[in-house]
Amino acid sequence: MALSFARNIRPLFRDQPDVSTMKHMGLDLSSYEEVKAKAAAIHSRLEDGTMPCDGAWPKEQVATFKHWIDEGMEP
């Protein structure tokens, strides 16, 4: 089954601090449309460990995000 934003990606972004912090910076990580539009930039930040704000994701989570992008970013 293909990865989806609702099932596989949104749960990776915690309401606190991820979603709330990024909303103040102009990006709503709870929004499929916004995450899809900024997916490449988000992936770059996840990959270099500068996102989320309190420490890098495990490599498996970064790989899941990249896989979602590669599969076409289903909602």
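Author: Helix axes whose angle is over 145 degrees count as roughly antiparallel, and those under 35 degrees as roughly parallel. The model discussed here is predicted.

Reader: Are H4 and H5 roughly parallel or roughly antiparallel to each other?

Author: Two packed helices are described by the angle between their axes and by the distance between the axes. For H4 and H5 the axes are 10 Å apart and the packing angle is about 160 degrees. Because the cut-off is over 145 degrees, H4 and H5 count as roughly antiparallel.

Reader: Which hand does the crossing of H4 and H5 have, and how many residues of the contact are charged?

Author: The crossing of H4 and H5 is left-handed. H4 brings Ala39, Ile42, His43, Leu46 and Glu47 to the contact, while H5 brings Val62, Phe65, Lys66, Trp68 and Ile69. In this contact seven residues are nonpolar and one is polar, and the number of charged residues is two.

Reader: Why are the buried residues of H4 on the same side of the helix?

Author: Helix H4 runs over residues 39–48, and its buried residues are Ala39, Ile42, His43 and Leu46. They lie on the same side of H4 because the arc they cover around the axis is only 100 degrees.

Reader: Which helices are included in what covers the buried residues of H4?

Author: The residues to be covered are Ala39, Ile42, His43 and Leu46, which are buried in H4. Two helices are included in their cover, spanning 32–37 and 59–70, and these are H3 and H5.

Reader: Is Ile42 buried or exposed, and which residues is it in contact with, leaving aside its neighbours within four places in sequence?

Author: Ile42 is in helix H4. Its relative accessible area is 3%, and as buried means under 20%, Ile42 is buried. Leaving aside neighbours within four places in sequence, the contacts of Ile42 are Phe13, Leu27, Leu29, Val35, Met51 and Phe65.

Reader: How far apart in space are Ile42 and Lys66, C-alpha to C-alpha?

Author: Ile42 and Lys66 both take part in the contact of H4 with H5. They are 24 residues apart in sequence, and their C-alpha to C-alpha distance is 9.8 Å.

Reader: Which residue follows H2 with a positive phi, and which takes a positive phi just after H4?

Author: After H2 comes a residue with a phi near 90 degrees, Gly26. Just after H4, a positive phi of about 80 degrees belongs to Gly49.

Reader: Which residue has a positive phi although it is not a glycine, and is it buried or exposed?

Author: Most residues other than glycine have a negative phi. The residue in question has a phi of about 55 degrees and is Met73, placed in the segment after H5. Its relative accessible area is 17%, so with the cut-off for buried at under 20%, Met73 is buried.

Reader: Which prolines are joined to the residue before by a cis peptide bond?

Author: Most peptide bonds are trans. One cis bond, with omega about 5 degrees, joins Gln16 to Pro17, and Pro17 lies in helix H2. Another, with omega about 0 degrees, follows Met51, and its proline is in the loop between H4 and H5: Pro52.

Reader: Which residues of helix H2 are buried?

Author: Helix H2 covers residues 15–24. Its buried residues are Asp18, Val19, Ser20 and Met22.

Reader: Which residues is Ser4 in contact with, leaving aside its neighbours within four places in sequence?

Author: Ser4 is in the segment before helix H1, which spans 5–9. Ser4 is buried, having a relative accessible area of 9%. With neighbours within four places in sequence left aside, Ser4 is in contact with Ile9, Trp68, Glu74 and Pro75.

Reader: What separates the C-alpha atoms of Gly72 and Leu3, in Å?

Author: Gly72 is in the segment after H5. Gly72 counts as partly exposed, because its relative accessibility is 39%. Gly72 and Leu3 are 69 residues apart along the chain, and the separation of their C-alpha atoms is 9.1 Å.

Conventions
Residues numbered from 1 in each chain as written. Predicted model: local features only at pLDDT ≥ 70, side-chain atom pairs only at ≥ 80, totals over all residues. Heavy atoms only, no water. Helix = DSSP H or I, 4+ residues; strand = E, 2+ residues; numbered from the N terminus. Buried < 20%, exposed > 50% of the residue type's maximum accessible area, 1.4 Å probe, protein only. Contact = heavy atoms within 4.5 Å. Arc of directions from axis to C-beta. Axes fitted to C-alpha atoms, helices over the stretch in contact; angles between N-to-C directions. Parallel < 35°, antiparallel > 145°, perpendicular 65-115°, else oblique. Left-handed = near helix turned anticlockwise from the far one by under 90°. Nonpolar A, V, L, I, M, F, W, Y, C, P; charged D, E, K, R; others polar.
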